[in-house]
Amino acid sequence: MFQAFLIKYGEIGVKGKNRYVFEDALVARMKRVLTPVDGTFKITKEQGRIYVEAEGAFDYEETVAALQRVFGIVGICPVVLADDKGFEALSQDVMHYMHRMYEGAEKTFKVHTRRANKNYPMTSPEVNEEIGGRILEEFPNLKVDVHDPEIMLHIELRSGHINIYSEVIPGPGGMPLGTNGRSMLLLSGGIDSPVAGYMVAKRGVYIDATYFHAPPYTSERAKEKVVDLARKIARYTGPIRLHVINFTDIQMYIYDHCPHDELTIIMRRYMMRIAQKLAEDTGCLALITGESIGQVASQTVPSLAATNDVCTLPVFRPLIAFDKEDIVTIAKKIDTYETSILPYEDCCTTFVAKHPVTKPQVERIRKSELLLSEKIEAMVREALSTEEVLEIS
């Protein structure tokens, strides 16, 4: 029945003179996600409206699923695009639509007309009243409810054509990808970091990612798990460059020379240093982590302050005030949860102290790092020079 979708967006509509930039970014992303879908599509913009029209046969479910992964879309409306041939033709189109959608249904409804074409000979209330009356005559099981209807029938009177729709399939919301620069995600194999990347990408940010690998203490399967997670979030974020850093020598050197209750903080500080260098080299403007206050010892406020001490780039922590269940809910929604809980250790969990410090003092941490001498800097350079870069899509 449907050959077209009306795409609704949210925040883009208040962008003023720059709105076209966001609309163009949204259209570009829609074209990209629809490329592998079975069908040929035409995407057009028209006075605050974006339409996706299928040219011939297409996979309806696959098309909707693809559009539901496009940040910036708040609603996907399967729509009938009718020619404006007068009110009687409109009435017939509406009745045909209602028969196809709600034949035999016992529901309440309301007609909502938007008269964008001010030359249309009837006002919006007149169209509502007349169409509503004809629906009541033709569908005796339907009843009017203007306050909380089960069916909201939208009629949009545009110049040259009319939109008829009643279903609004939720989109992910947010801002179109590419409208807010690029950032570097510290991606582990856990639940939190993929969700953090998804949430920042939802604000229009392209994502690169860094994974710290520690063979032989972490297996190749642990690395494959992170690649799988990157692939899952790339369905939303677009292609991701995954930088794999061999962190084993650095971890062991820190383990051998620093107080064990400070291991997690000092290792984390070196991860942030390395991720920041990668970010600067690749044009990323910020770092992203999946930290949440108090979740583990390295995520207390003093610990986060000690970690931030080595960063000059902004550090985005979109999960900072989330409960674990909030994070798990999003992970399940974006299909990363089942992969995240696979039992393959990452380097963040391999060298955890029995009694990690929860209130580290920055000055004391800096003093402990002096025990590492200049050898640690050579190790960092070696890790950066031997990085493996994977293109994930």
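Me: Helices (H or I, at least four residues) and strands (E, at least two) are DSSP runs, numbered from the N terminus. With that settled, which residue just after α3 takes a positive phi?

Reply: This is a predicted model, where local features need pLDDT of at least 70, side-chain atom pairs count only at pLDDT 80 or more, and totals for chains, interfaces and linings use all residues. Residues are numbered from 1 along each chain as its sequence is written, and side-chain values use heavy atoms, with hydrogens and water left out. α3 itself takes in residues 87-102. Just after α3, a positive phi of about 80° belongs to Gly104.

Me: How far does α3 reach from its first C-alpha to its last?

Reply: The expected span of a helix is 1.5 Å times one less than its number of residues. α3 has 16 residues, for an expected 22 Å, and its C-alpha reach comes out close to that, at 22 Å.

Me: What arc do the buried residues of α3 cover around the axis?

Reply: Buried means under 20% relative accessible area, exposed over 50%, and partly exposed in between (1.4 Å probe, protein chains only). In α3 the buried set is Phe87, Leu90, Ser91, Val94, Met95, Tyr97, Met98 and Tyr102. They sit on the same side of α3, because the arc (taken from the directions from the helix axis to the C-beta atoms) is only 160°.

Me: And α1: which elements do its buried residues pack against?

Reply: Phe22, Glu23, Ala25, Leu26, Val27, Arg29, Met30, Val33 and Leu34 are the buried residues of α1. Counting contact as heavy atoms within 4.5 Å, they pack against β1 (4-9), β2 (41-46), β3 (49-54), α2, β4 and α6.

Me: In the hairpin of β2 and β3, which residue takes a positive phi?

Reply: Two strands pair if DSSP finds at least two bridges between them. β2 and β3 have six, in the antiparallel sense, with Lys42 facing its partner Glu53 in β3. Two residues lie between the strands, and the positive phi, near 45°, is that of Gln47.

Me: Which are the edge strands of the open sheet with six strands?

Reply: The sheet runs β14-β13-β10-β11-β12-β15, with mixed pairing. Inside that order, β10 and β13 run parallel with two bridges, and Met184 stands opposite Leu287 in β13. The strands that pair on one side only are β14 (315-316) and β15 (388-392).

Me: What is the volume of the second largest pocket?

Reply: On a 1 Å grid over the protein atoms alone, a pocket is an open set of points where a 1.4 Å probe fits, with protein on both sides within 12 Å along at least five of seven lines; lining residues have an atom within 4 Å of a point. Here 14 residues do the lining, and Arg29, Val33, Pro36, Arg69 and Arg235 lie nearest the centre. α1 (19-34), α2 (60-67) and α6 (220-237) each give two or more residues to this lining. Grid points are joined across faces, edges and corners, and the space filled by probe spheres set on them is about 290 Å³.

Me: Which residue does a cis peptide bond join to Pro215?

Reply: Look at the loop between β11 (206-213) and α6, where Pro216 is found. Omega is about 0° for the bond from Pro215 to Pro216.

Me: What is the relative accessible area of Asp335?

Reply: Asp335 is in the loop between α10 (324-333) and α11 (337-340), and has a positive phi of about 70° although it is not a glycine. Asp335 counts as partly exposed, at 37%.
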